[in-house]
Amino acid sequence: MSNDMWSYVPTAGHGPDSDLTGYKVEATDGQIGKVDRHSNEVADQYIVVDTGVWIFGKEVLLPASTVTAIDNEERRILVSLTKERIKNAPEFDKEKHLGDPAYRDQLGGYYGSGH
């Protein structure tokens with residue numbers, strides 16, 4: 001798994017001190033939720049999206065490389081995934097997963113192909 005997955009693409013518009021909490025997140029085919037938490041750590045950047053009623057309160061972690069654009073004026077993040085791909089992503093559990101290398105490997109396997 002490449003560490004590039006855990007870094008924002010240069011054209012996304014992410015700044016090192018950006019606070020993305022509360023930003024709306026849009027898949028390629030519509031809105032999916034809001035950012036609940038995020039990481040700006042180099043080589044460990046991600047957003048955790050609370051999907052709300054769309055998938056009944058499921059939270060998913062999206063690697064930073066899936067972010068295609070950040071609109072700070074609209075407080076909106078565009079990602080390169082479809083709603084279906086996000087819906088089928090491994091669920092995020094903050095109590096278990098932040099320090100769990102197996103979870104990170106699972107995400108790498110899921111997002112590593114064709115995001």
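A residue counts as buried when its relative accessible area is under 20%. Keep that cut-off at hand for this tour of a predicted model.

**Stop 1: S18**

Select S18. Its relative accessibility is 18%, so S18 counts as buried. Look at where S18 sits along the chain: in the segment before β1, the strand of residues 24–27.

Now show what surrounds S18. Leaving aside neighbours within four places in sequence, S18 is in contact with H38 and N40. Add S39 to the selection. S18 and S39 are 21 residues apart along the chain, and their C-alpha atoms are separated by 9.6 Å.

Then turn to G15. Its backbone oxygen lies 2.9 Å from a polar atom of the S18 side chain.

**Stop 2: β1 and β2**

Select β1 with β2, residues 30–39. The two strands run antiparallel, joined by 4 bridges. Pick out E26: its bridge partner in β2 is Q31. Next, follow the chain from β1 into β2. The link is a hairpin, and it passes through 2 residues.

**Stop 3: β2 and β3**

Keep β2 and add β3, residues 46–50. This pair is antiparallel too, with 5 bridges. Return to H38, one of the contacts of S18. In β3, H38 has I47 as its bridge partner.

Now trace the turn. The hairpin of β2 and β3 has 6 residues between the strands. Select A43 there: A43 takes a positive phi near 65°.

**Stop 4: helix α2**

Move to α2, residues 101–111. Begin at its N-terminal end with D100, which caps the helix. A side-chain oxygen of D100 lies 2.9 Å from the backbone nitrogen of A102.

Which residues of α2 are buried? Select Y103, L107, G108 and Y111 to see them. Look down the axis of α2: these buried residues fall within an arc of 145°, so they line one face of the helix.

What do the buried residues of α2 pack against? Show β4 (59–63) and α1 (83–87): those are the two elements they pack against.

Finally, rotate to the other side of α2. Select P101, A102, D105 and G109, which are exposed there. A102 has come up before: its backbone nitrogen faces the side-chain oxygen of D100 at 2.9 Å.

**To recap**

Show S18 once more, buried and in contact with H38 and N40. Add β2, which pairs with β1 and with β3. End on α2, with its buried residues along one face and exposed ones on the other side.

Terms used: Residues are numbered from 1 along each chain as its sequence is written. This is a predicted model: local features need pLDDT of at least 70, side-chain atom pairs count only at pLDDT 80 or more; totals for chains, interfaces and linings use all residues. Side-chain values use heavy atoms; hydrogens and water are left out. Buried means under 20% relative accessible area, exposed over 50%, partly exposed in between (1.4 Å probe, protein chains only). Contact means heavy atoms within 4.5 Å. A polar contact is a pair of N or O atoms within 3.5 Å; within protein, one must be able to donate a hydrogen and the other to accept it, and residues adjacent in sequence count only if both atoms are side-chain atoms. Two strands pair if DSSP finds at least two bridges between them. The arc is that of the directions from the helix axis to the C-beta atoms.
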